[in-house]
Amino acid sequence: MMDGSGIYSVARQRAEEKLGSQAQHPFGPDWEVFKVRGKVFLLLTAVTGQQQMIIKAEPEDCQALQQQ
């Protein structure tokens, strides 16, 4: 099982590997926003002092990720 920082690192790595992925900072340097074809699929930040990620996914996929 991975800890929070491990999951955060894997999420960034996978996002960077995605074909056509672009990392941008539209909300300032504390927010890393990944897009493909102009569509957001991942946001990463540590603005609160803890690493956080917001993933765009289908509801059933989100439930599976939360259970893991």
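These legends go with close-up views of a predicted model.

**View 1. Here is the sheet, an open one built from 4 strands.** The strands run in the order S1-S2-S3-S4, and the pairing is antiparallel. S1 and S4 sit at the edges, each pairing on one side only; S4 covers residues 52–55. Ignoring direction, neighbouring strands are turned against each other by 20 degrees on average.

**View 2. Zooming in on one pairing, we see S1 alongside S2.** S1 takes in residues 21–24, and S2 covers residues 31–36. The two pair in the antiparallel sense, with 4 bridges between them. Which residue of S2 does serine 21 stand opposite? Look for valine 36.

**View 3. Serine 21 gets its own close-up, as a residue of strand S1.** Its side chain reaches over to alanine 15, where the backbone oxygen is 2.8 Å away. If you skip the neighbours within four places in sequence, serine 21 touches Ala15, Glu16, Phe34, Lys35, Val36 and Phe41. Val36 in that list is the residue standing opposite in S2, and Phe34 and Phe41 come back in View 5 as an aromatic pair.

**View 4. Of the 2 aromatic pairs in the structure, this view shows phenylalanine 27 with tryptophan 31.** The ring centres are 6.3 Å apart. The planes meet at 80 degrees, so this pair goes down as edge-to-face, a label for angles over 60. Are the two rings buried or exposed? Phenylalanine 27 counts as exposed because its relative accessibility is 56%, and the cut-off is over 50%. Tryptophan 31, at 22%, counts as partly exposed.

**View 5. Phenylalanine 34 and phenylalanine 41 make up an aromatic pair too, this one tilted.** Centre to centre, the rings are 6.3 Å apart, with 50 degrees between their planes. Phenylalanine 34 has a relative accessible area of just 1%, so it is buried. Phenylalanine 41 comes in at 18%, and because buried means under 20%, it counts as buried as well. Both phenylalanines are also in contact with serine 21, the residue from View 3.

**View 6. Lysine 18 places its charged end over the ring of phenylalanine 41.** The distance from that charged end to the ring centre is 5.8 Å. Phenylalanine 41 therefore turns up in several of these views: it is buried at 18% relative accessibility, it pairs with phenylalanine 34, it is in contact with serine 21, and its ring has the charge of lysine 18 sitting over it.

Definitions and conventions:
Residues numbered from 1 in each chain as written. Predicted model: local features only at pLDDT ≥ 70, side-chain atom pairs only at ≥ 80, totals over all residues. Heavy atoms only, no water. Phe/Tyr/Trp six-rings, centres within 6.5 Å; stacked < 30°, edge-to-face > 60°. Buried < 20%, exposed > 50% of the residue type's maximum accessible area, 1.4 Å probe, protein only. Lys NZ or Arg CZ within 6 Å of the ring centre and 35° of its normal. Polar contact = N/O pair within 3.5 Å; in protein donor to acceptor, adjacent residues only side chain to side chain. Contact = heavy atoms within 4.5 Å. Pairing = 2+ DSSP bridges. Axes fitted to C-alpha atoms, helices over the stretch in contact; angles between N-to-C directions.
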